[in-house]
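Biologist: Could you take me through one part of this model in close detail, starting from a single residue and working outwards? I would like to know how it sits among its neighbours and how far the prediction can be trusted.

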Amino acid sequence: MKILILLISLTFLSCTTAPKKSPCPDDLFTNEKYDQKLKSMCIGREIRRNYPKLQKCYNDSLQNAPSKTNGISIVDFVIGPSGTVTSFKQDSLTDVSGPFDSCLQEVFMKMTFPKAPVGDTVKVKQPINFINNKEQLQK
């Protein structure tokens with residue numbers, strides 16, 4: 001089974017609105033004419049579109065660690081043949097966990113990406129930077 005592994009390095013800035021979603025080709029992962037850059041861009045676009053929900057997970061987790069500033073999570077997820085996330089795991093480089101982990105998983109499991117090839121999957125490893133919005137507001 002051929003597995004495409006994407007490593008996307010995107011830095012997320014604190015934003016209040018999600019970018020408008022532009023269509024990515026439905027056959028992005030099944031047609032070899034598309035390059036890695038377009039694949040990374042389309043995956044990143046869906047993550048950025050959901051970033052406010054991801055940031056909310058982080059902000060909610062700070063209630064238990066109010067002194068925490070910014071943090072990074074490395075998420076590993078698998079896109080299945082239907083374009084949905086079939087598995088999710090995150091390694092947090094922050095001091096928050098528990099509800100944060102399950103909240104991130106819930107958001108990712110609702111994301112929709114271009115379909116993976118039939119009988120195949122697309123593995124993605126993605127760092128996500130989180131910003132302590134409470135700290136930013138105090139400045």
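Modeller: Happily! Let's start with F77, which lies in strand β2; strands here are DSSP runs of E with at least two residues, helices are runs of H or I with at least four, and both are numbered from the N terminus. Please keep in mind that this is a predicted model, in which local features need a pLDDT of at least 70 and side-chain atom pairs count only at pLDDT 80 or more, while totals for chains, interfaces and linings use all residues. Residues are numbered from 1 along each chain as its sequence is written, and side-chain values use heavy atoms, with hydrogens and water left out.

With a relative accessibility of 1%, F77 counts as buried (under 20% relative accessible area, against over 50% for exposed and partly exposed in between, with a 1.4 Å probe and protein chains only). Its strand is well covered too: 8 of the 9 residues of β2 are buried. Setting aside neighbours within four places in sequence, F77 is in contact with I43, I47, V85, S87, F88, F108, F113, V122, K123, V124 and Q126, where contact means heavy atoms within 4.5 Å. One of these partners, F88, is 11 residues from F77 in sequence, with 4.4 Å between their C-alpha atoms.

F77 also belongs to the largest nonpolar core, a group of 28 residues in which I47, L54, F77 and F108 have the most contacts. Six elements each supply at least two residues of this core: α1 (36-49), α2 (51-61), β2 (71-79), β3 (85-92), α3 (99-109) and β4 (121-130). Such a core is a set of buried Ala, Val, Leu, Ile, Met, Phe, Trp, Tyr and Cys residues joined through side-chain atoms within 4.5 Å. In soluble globular proteins, nonpolar side chains tend to be buried together. L54 gives another view of this core, being in contact with I47, L104, V107, F108, M111, I128 and F130 once its neighbours within four places in sequence are left aside.

Now to the strand beside β2. β2 and β4 pair in the antiparallel sense over 9 bridges, well clear of the requirement that DSSP find at least two bridges between paired strands. S73 has I128 as its bridge partner in β4, and I72 stands opposite N129 of the same strand, β4. β4 is mostly covered as well, with 7 of its 10 residues buried. K125, also in β4, is partly exposed, at 36% relative accessibility. K125 lies 6.9 Å from I74, C-alpha to C-alpha, although they are 51 residues apart in sequence.

β4 leads us on to the aromatic residues. Rings of Phe, Tyr and Trp (its six-membered ring) pair if their centres lie within 6.5 Å; planes under 30 degrees apart count as stacked, over 60 as edge-to-face and the rest as tilted. By this rule the model has 7 aromatic pairs. In one of them, Y58 and F100 meet edge-to-face, at 5.8 Å centre to centre with 70 degrees between the planes. Y58 is in helix α2 and F100 in helix α3, so this pair ties together parts 42 residues apart in sequence. F100 also forms an edge-to-face pair with F130, 5.6 Å centre to centre and 80 degrees between the planes. As F100 lies in helix α3 and F130 in strand β4, the pair ties together parts that are 30 residues apart in sequence. F100 and F130 are both buried, and Y58 is buried too. Y51, Y58, F100 and F130 form one aromatic cluster.

Stepping back, the chain has 4 helices and 4 strands, in the order β-α-α-β-β-α-β-α. Of its 139 residues, 42% are buried. Among contacts between residues at least 6 apart in sequence, 74% join residues at least 24 apart.

As for trust, the chain averages a pLDDT of 77, and 70% of the residues score at least 70; pLDDT is the predictor's confidence in each residue, from 0 to 100. Among the elements, α1 has the highest mean, 92, and strand β1 (residues 3-7) the lowest, 42. Over residues 1-21 pLDDT stays under 50, and the model has 58 contacts beyond four places in sequence for that stretch.
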